[in-house]
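Biologist: Before we discuss any labels, could you show me the model and then tell me which cut-offs stand behind each term?

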Amino acid sequence: MGVRINGEELTFVPMMSVADLIAQRKIRPESAVVEYNGALLARDKWEATVLKENDALEILSFVGGG
Amino acid sequence: MDDPLIIAGQIIRNRFFLGTGKFASYELMREAIIASRAHIVTVALRRVDAHFPQDNILEYIPKDCIVMANTSGARNADEAVRIARIARAAGCGEWIKIEVIPDNKYLLPDNAETIRATEVLAKEGFIVMPYVNPDLADARRLTDAGAASVMPLGAPIGTNKGVCMRELIKILVQEIKLPIVVDAGIGRPSHAAEAMELGAAAVLANTAVATAEDPVLTAQALSMAVEAGRIAYRAGVVMPKDKAEASSPLTGFLR
């Protein structure tokens, strides 16, 4: 088992924090909203939250919409 | 202001609301917001596409605007509630436009699911602005559920067909105490004015502005039409008649 990030199943667990993951994916942290296992993860918790097995992450951002 | 729009106890400076989708750039969107003087603007929440890093849209929205997240992408009440909670937790405030759309062809909303989501979110303190098919019984249910307004569609999203639901919207205006905001289908200033003449409290448009040749000018034109339509409604504009009625004296010339 691995982790699920934005619907994509990874078969392994990247040994990194949410903050590292955001940086690795070149996502602008100031515009990202992270839902971690069904609950919003505050930005000041990204560093301390290390990915573990069966985690589900949604990395979202506000976009244009009507 | 002698005719303020009040929603959930807050004075809304402009009866024209602007959606932020489909603009060619965030700079252009910002210019259109400023030109329209919109006080309420909508945004959506989506998965980040790591291949296309984008600026933070919120930085381009003037600070004195109310940013109202929508729940677009939700196919049922549970998803709408989830999106609303994330949007608020992410700092988007209490205003939420509920949009529950299970149908991809006409993008028509699901009223029953929308009512369900309204009940949940109103209890959690959201200012709930539900986007619905214009139906009197459902508008009453939304009122009971704690909605802050009712937002009936004029025509399906992005069709620019105008106030096709005219007669049903008129009934909502007459029977529902909440502000009626005509959302979707508004393609041109004359449509916006028509909605306001019917007694709508406000109009929300997006496609008409974002896809116009000149979005900034279009934003301004729509906003002015909303204002003109509102003034006409308050003035009690005259109704059409079947027979002619002379504007000049009916006596013949020199007789």
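Modeller: A residue is called buried if 20 or more other C-beta atoms lie within 10 Å of its own, exposed if 12 or fewer do, and partly exposed in between, with the C-beta atoms placed from the backbone. This is a predicted model, in which local features need pLDDT of at least 70 and side-chain atom pairs count only at pLDDT 80 or more, while totals for chains, interfaces and linings use all residues. Residues are numbered from 1 along each chain as its sequence is written, and chains are lettered from A and ligands numbered from 1 in the order in which they are written.

Biologist: Why does B:V163 count as buried or exposed?

Modeller: B:V163 has 28 C-beta neighbours inside 10 Å, and the cut-off for buried is 20 or more, so B:V163 counts as buried.

Biologist: Which residues is B:V163 in contact with, leaving aside its neighbours within four places in sequence?

Modeller: Contact requires C-beta atoms, placed from the backbone, within 7 Å, and on that basis the partners of B:V163 include B:G154, B:I169, B:H191 and B:E194. The C-alpha atoms of B:V163 and B:E194 are 7.4 Å apart, although 31 residues separate the two along the chain.

Biologist: What makes strand β5 of chain A and β4(B) a pair?

Modeller: Strands (E, at least two residues) are DSSP runs, numbered from the N terminus, and two of them pair if DSSP finds at least two bridges between them. Five bridges join β5 (residues 56-64) of chain A to β4(B), and the strands run antiparallel, so the pairing criterion is met. In β4(B), B:R46 is the bridge partner of A:S61.

Methods. Helix = DSSP H or I, 4+ residues; strand = E, 2+ residues; numbered from the N terminus. Contact = placed C-beta atoms within 7 Å.
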